[in-house]
Amino acid sequence: MKDIFDFGKKIDDYAVMGNPISHSKSPSIHTLFAEQTQQSILYTAIHVDLGGFKQAVGNFAATGGKGLNITVPFKQEAWELVTERSERAERAGAVNTIKIEDDKLFGDNTDGVGLVNDLMINHSIELTGKNILLMGAGGAARGVLNPLLKQNPSSLFIANRTPDKAKDLASDFSDAGNISGGGYEHIPDEKFDVVINATAASLQGELPPLPDTLLNDNASCYDMMYAAKPTPFMLWATEHNAEKVLDGLGMLVEQAAESFYIWRDVKPETKTVIEKLRKELEL
Ligand code: ATR
């Protein structure tokens, strides 16, 4: 593997750390980015035992590693461990990207910008001036709020099974835009332009209780999960005539592209990588 990407330059080490990690698509994505941009990198997946995260990062840095992606369940621990944070990481309360420079660990969070780029650039979905409904108030929802609000939506409502968590999350971000939150029964009686599912419901084959009259005529529905088959929320969106019904595969590749850019200062092209992953998913 090292030979393939050695364009006459020293190979820099990167990795994704998580638990579980064996199904991570990050090594394939970053290897495709490296081929495409002729960057000499080696990107591996590292399984980290619960309780062993700090040690694992220390070992990786000590052997000259240049950068890490961090996934479940270590994103909050990574936030605590880093020595510097970007504004979006600060607000997300979670770090999914670490850039290592000497004894400095710079922490960023590219999940939200990954979502926003997939919506706006790949799918031409406008967010400015729109009514957005975000389902879920866990780590995944928190991670995307700052970049979503940066687009100046007209309103953003967070709906969650446990209403108080949505209210608390909305109040944490109240300085950043017109944001409120509550239970599904508290969703304002208005039409939404963009509905994003950041709950874990799709993983369980479940669908949060959404009113039938939720969607605007040209609504876009986005599930941050992805799978070979449409999720229950995507099926609901199709039944309710959403104009665009999307899963989170593009977000996965876009967040990776932003991490790659942070490390290498080169923007990889994402369209062909998304298409390749989509084909593999459908096999
Ligand atoms: P993540 O890091 O993926 O966001 P999390 O922090 O555990 O994971 O949050 C999971 C989110 O999915 C929560 O908003 C959760 O709702 P609660 O806060 O009420 O637990 C939501 N969720 C999980 N299963 C759900 C289901 N079957 N229906 C609706 N919401 C669900």
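**Chatting through the strands, loops and ligand site**

User: Let's start with S5 and S6. How many bridges join them, and do they run parallel or antiparallel?

Analyst: Strand S5, residues 97-101, runs antiparallel to S6, and 5 bridges join them. Keep in mind that this is a predicted model.

User: Which residue in S6 is the bridge partner of Thr97?

Analyst: That's Asp108.

User: And how many residues sit between the two strands?

Analyst: There are 2, and S5 and S6 form a hairpin around them. Asp102 is in the turn, with a positive phi of about 55°.

User: What about S4 and S6, which sense do they pair in?

Analyst: Parallel, over 2 bridges, with S6 covering residues 104-108. Arg85 has Gly107 as its bridge partner in S6.

User: OK, zoom out. In what order do the strands of that sheet go?

Analyst: The order is S2-S1-S3-S5-S6-S4. That makes 6 strands in an open sheet, and the pairing is mixed.

User: Which strands stand at the edges?

Analyst: Strand S2 (41-47) and strand S4 (84-85). Each has a single partner strand, so one side of each has no neighbour in the sheet.

User: How many bridges does S2 make with S1?

Analyst: S1, residues 12-18, and S2 pair over 7 bridges in the parallel sense. Within that pair, Val16 stands opposite Ala45 of S2.

User: Remind me, what holds paired strands together in general?

Analyst: Backbone hydrogen bonds, in either a parallel or an antiparallel arrangement.

User: Now S8 and S9. Where are they, and how do they pair?

Analyst: S8 is residues 155-159 and S9 is residues 179-182; they're parallel, with 4 bridges between them. One bridge goes from Ala159 to Gly182 in S9.

User: Which helix does the chain pass through on the way from S8 to S9?

Analyst: Helix H7, residues 163-172, and this β-α-β crossover is right-handed.

User: Changing topic: the ligand. How many residues surround it?

Analyst: There are 14, and the closest are Asn160, Arg161, Thr162, Lys165 and Glu206.

User: What's the mix in that shell by class?

Analyst: It has 7 polar, 4 nonpolar and 3 charged residues.

User: Which ligand atoms do the polar side-chain atoms of Thr162 and Glu206 lie by?

Analyst: For Thr162, a polar side-chain atom lies 2.5 Å from a ligand oxygen. For Glu206, a polar side-chain atom is 2.5 Å from a ligand nitrogen. Gly139 comes in through its backbone instead: an N or O atom there lies 3.1 Å from an oxygen of the ligand.

User: How much of the ligand does the protein cover?

Analyst: It covers 73% of the 640 Å² of accessible area the ligand has on its own.

User: Now the odd backbone stuff. Is the peptide bond from Asn19 to Pro20 cis or trans?

Analyst: Cis, with omega near 10°. Pro20 is in the loop between S1 and helix H1 (26-37). There's also a cis peptide bond joining Val72 and Pro73, with omega about 0°. Pro73 is in the loop between strand S3 (67-70) and helix H3 (75-81).

User: What's phi at Asn152?

Analyst: It's near 55°, so to speak on the positive side, in a residue other than glycine. Asn152 belongs to the loop between helix H6 (139-149) and S8.

User: Is Asn152 buried or exposed?

Analyst: Asn152 is exposed: its relative accessible area is 54%, and exposed means over 50%.

User: And Asp265, what's its phi?

Analyst: Asp265 has a positive phi of about 60°, and it's not a glycine. You'll find Asp265 in the loop between H9 and helix H10 (271-282). Asp265 counts as exposed because its relative accessibility is 62%.

User: Speaking of H9, is Ile262 buried or exposed?

Analyst: Ile262 lies in helix H9, residues 249-264. Ile262 is buried, at 15% relative accessible area, and the cut-off for buried is under 20%.

User: How far is Ile262 from Ile274?

Analyst: Their C-alpha atoms are separated by 20 Å, with the two positions 12 residues apart along the chain as the sequence separation.

User: Last one: why does Val253 count as buried?

Analyst: Val253 is also placed in helix H9, and it counts as buried because its relative accessible area is 0%. From Val253 to Glu77 is 23 Å, C-alpha to C-alpha, and the two are 176 residues apart in sequence.

How values were computed: Residues numbered from 1 in each chain as written. Predicted model: local features only at pLDDT ≥ 70, side-chain atom pairs only at ≥ 80, totals over all residues. Heavy atoms only, no water. Pairing = 2+ DSSP bridges. Right-handed = clockwise from strand over helix to strand, strands pointing away. Near = heavy atom within 4 Å. Polar contact = N/O pair within 3.5 Å; in protein donor to acceptor, adjacent residues only side chain to side chain. Areas by Shrake-Rupley, 256 points an atom, 1.4 Å probe, with all protein chains shown as cover. Nonpolar A, V, L, I, M, F, W, Y, C, P; charged D, E, K, R; others polar. Buried < 20%, exposed > 50% of the residue type's maximum accessible area, 1.4 Å probe, protein only.
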